[in-house]
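Take a look at the model below. We will go through it step by step, starting with how the protein chains meet and then turning to the DNA.

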Protein chains: 2
Amino acid sequence: MSATIKDVAKMAEVSISTVSRVINDSKPVSPEVRKRVLEVIDELGYKPNEVARTLVTKKSFLIGVIATDIGNSYVAQIIRGIEEVGKMYNYDILLCSSYGDKETELKFIQLLNRKQVEGIILISEIINEKVKEQIDQQNIPFVYLNKYFYMENVLTVSIDDLDASYEMTNYLISLGHKNIIYVSTHENEEYSLEKFKIEGYKKAIDEFGEGDELICFAKGCSIEDGYDIGKEVEDLVEKYDATAVFLSHDELAIGLINYFYDCGVKVPDDISVAGYGDIKISQILRPKLTTIKEPYYDIGAVAIRKIIKELKEEKFDKGNIKLPFQIKKRESCGKIQAE
Amino acid sequence: MSATIKDVAKMAEVSISTVSRVINDSKPVSPEVRKRVLEVIDELGYKPNEVARTLVTKKSFLIGVIATDIGNSYVAQIIRGIEEVGKMYNYDILLCSSYGDKETELKFIQLLNRKQVEGIILISEIINEKVKEQIDQQNIPFVYLNKYFYMENVLTVSIDDLDASYEMTNYLISLGHKNIIYVSTHENEEYSLEKFKIEGYKKAIDEFGEGDELICFAKGCSIEDGYDIGKEVEDLVEKYDATAVFLSHDELAIGLINYFYDCGVKVPDDISVAGYGDIKISQILRPKLTTIKEPYYDIGAVAIRKIIKELKEEKFDKGNIKLPFQIKKRESCGKIQAE
DNA sequence: TTGAAAGCGTTACCAC
DNA sequence: GTGGTAACGCTTTCAA
């Protein structure tokens, strides 16, 4: 068994109160006594038991993070942000992976609660109505992070999707593209953020574009879905003489580029492709993907900073914190030469 | 404040002992009393405080994971394995990222100790002599996971690098390649696993190859390092008429393929490239990378399963658990036609 | 089958 | 400046 505060007190011949004082620097202790206690602590290799501490102080210095899957690079980036900022304030991360299951999300919220976490960050990719209910029961700082769907009456951190989509479309227009296809997803699903992205795209086409609104829907948001929509996109390209495709997720864009690669269509020479997100591989792939950088790390960082602030001020906010995005101009989108 | 066991006891008009018994099913409780208690628990929304529980039972159901960086996909995969198996046994993950800093690794081992984790898994990429020392002090199940270096007298989980490297080289030989370059890394560094990989490569060349041993060293293990070694590899290819390059890490292979892409050298038509690891993007890139699959998920899964077993049996092992690997035959390596 | 009480390792309050 | 002690929320003897 490792040494406890009692062992230290006994060996240093002081009371446990005194030992507590020196390890916490909470009240004045005479230099000699302090020195003696410190020596004993060192000798015994005493380390305070954080569990006991938590029990009395009610501060676990634990933040629960429920993620869909840390295998997704963007999720990992968010968690990096959470963890790194958390550590600055001595907070640690209790990690749970839901793999997109609603019941699991709910179960973990309860679990984390029992483990006395001080706040919860949920990185989700689905809509789960019961989450709010569950969270409200526990009166704990909560941040909801979701690239795909929005939830009302909770605190979220994200970029302005309408604006981002608008900017990217304008960028493509500025390159000389006239007919730009937008590949969306989650067709007709409620709470989908695609609503805003499509709006941004339409707004740009409407204001500055010369061609039509060309929109199609992928089945999902994976690389495979991007590959699978390839044929449809190709048809659209031919029919409308489109020169650029803007997809609502990097994964879709990568899948489409792979499809084009397999068909012998050259990106960006034959067609330009733009993504959304700037996930890690987007900069590794050749051609490098032109995309919108969602600042995942910062999203995580802001989320936990907000939680820590709420903990301090003891008031829990709602609403959406908007972070700036960037248009990453890389190889997959080329200029159209005026004829 | 949320309800405690006392609140439940009072409201159900029983003692807290009884309440404890019903929530733990530890001792017989009469049906009527049990029912009443259960009702109150439900009414109050009572959730046992795991912190208090841990304090008395000494079981935190927490496993500490110190990782270099969960942004690396292989690390994320390992953690998935850890977490998923952990959850099967009700264990949760306390995550710490070291970003490759020795002091940070040490600091986290202590921190996790204070947080009363029941075991620690360290996913490292460096050699840190003091780790063993630190761990030995705390007498706690420990697993050391490192793709790059080995440590003696600790429990590790990995594949057999000599064997894997041997198999891959043989595969390349079987494709008809005569002069095969091996790109290593960590030149002359002690405890580097490259030792075994090089040995495997040499063994295969020696037994079945027709060409010379062609070995060069990259500066590190990143994609950039793979790109940077490109020129040297190209020279070697020309000088020895090599037709295949086997690199000790997928990242290096990807960097090299990118280098070749930028030079107009076609993979696998002009040259075959093989990697090591099978990180996530290896299957996404075009051409898809031929590589050795290190079973990251399983490595994590086995690591935690071992810890849980040690916890149960109260004996801590050392040694290296070897897991099977696979040669993933994909697009980046082609056959050499007999002339 | 049930309850009282000790104890887990701390902090925090109250005396001195 | 220091020590004694209640309390945190729970499990676990021990008696009844």
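This is a predicted model. Begin where the two protein chains meet. Between chain A and chain B there are 20 residue pairs in polar contact, with both residues at pLDDT 80 or more. Which elements of chain A supply at least two residues each to the side that touches chain B? They are the helices α4 (50–57), α5 (73–88), α6 (102–114), α10 (223–228) and α12 (250–263), along with the strand β2 (92–97). The most comes from α5(A), which gives eight residues. By class, this side of chain A holds 24 nonpolar, twelve polar and 13 charged residues.

Now take in the whole interface. In chain A, 49 residues are in contact with chain B, and 49 residues of chain B are on the other side of that contact. Together the two chains bury about 4400 Å² between them. Carbon and sulfur atoms account for 61% of that area.

Charged side chains also meet across the interface. The count of salt bridges between chain A and chain B is eight. One of them joins A:Lys115 to B:Asp92, with 3.6 Å from N to O.

Strands pair across the interface as well. β2(A) is joined to strand β2 of chain B, residues 92–97, by three bridges. The two strands run antiparallel. Look for A:Leu95, whose bridge partner in β2(B) is B:Ile93.

Next, move to the DNA. Start with strand D, which has 30 residues around it. Which of them come nearest? From chain A they are A:Thr18, A:Arg21 and A:Ser30, and from chain B they are B:Ile5 and B:Tyr46. Of the atoms of DNA strand D that come within 4 Å of the protein, 64% belong to sugar and phosphate.

Some individual atom pairs are worth finding. One involves a base: a polar side-chain atom of A:Ser17 lies 2.7 Å from a base oxygen of DNA strand D. Others involve phosphate. An N or O atom in the side chain of B:Tyr46 is 2.6 Å from a phosphate oxygen of strand D. For the side chain of B:Arg53, the distance from an N or O atom to a phosphate oxygen of this strand is 2.7 Å.

Both chains build the surface near strand D. Chain A gives two or more residues from each of α2 (16–24) and α4, while chain B does so from α1 (5–12), α2 (16–24) and α4 (50–57). The largest share, six residues, comes from α2(B). This surface divides into 14 nonpolar, ten polar and six charged residues.

Finally, turn to DNA strand C. It is surrounded by 30 residues, and the closest are A:Ile5, A:Arg53, B:Thr18, B:Arg21 and B:Pro28. Sugar and phosphate make up 64% of the strand C atoms that come within 4 Å of the protein.

Here, look at the protein backbone. A polar backbone atom of A:Ile5 is 2.7 Å from a phosphate oxygen of strand C. For B:Ser15, a polar backbone atom is 3.0 Å from a phosphate oxygen of this strand. A base takes part too: a base nitrogen of strand C is 3.5 Å from a polar backbone atom of A:Ala52.

Which element gives the most to the surface near strand C? It is α2(A), with six residues. By class, the surface near strand C has 14 nonpolar, ten polar and six charged residues.

Conventions: Residues are numbered from 1 along each chain as its sequence is written. Chains are lettered from A and ligands numbered from 1 in the order in which they are written. This is a predicted model: local features need pLDDT of at least 70, side-chain atom pairs count only at pLDDT 80 or more; totals for chains, interfaces and linings use all residues. Side-chain values use heavy atoms; hydrogens and water are left out. Contact means heavy atoms within 4.5 Å. Buried area is the accessible area (1.4 Å probe) that two parts lose on being put together, summed over both. A salt bridge is a side-chain nitrogen of Lys or Arg within 4 Å of a carboxyl oxygen of Asp or Glu. A polar contact is a pair of N or O atoms within 3.5 Å; within protein, one must be able to donate a hydrogen and the other to accept it, and residues adjacent in sequence count only if both atoms are side-chain atoms. Helices (H or I, at least four residues) and strands (E, at least two) are DSSP runs, numbered from the N terminus. Ala, Val, Leu, Ile, Met, Phe, Trp, Tyr, Cys and Pro count as nonpolar, Asp, Glu, Lys and Arg as charged, and the others, Gly among them, as polar. Two strands pair if DSSP finds at least two bridges between them. A residue is near a molecule or strand if one of its heavy atoms lies within 4 Å of it.
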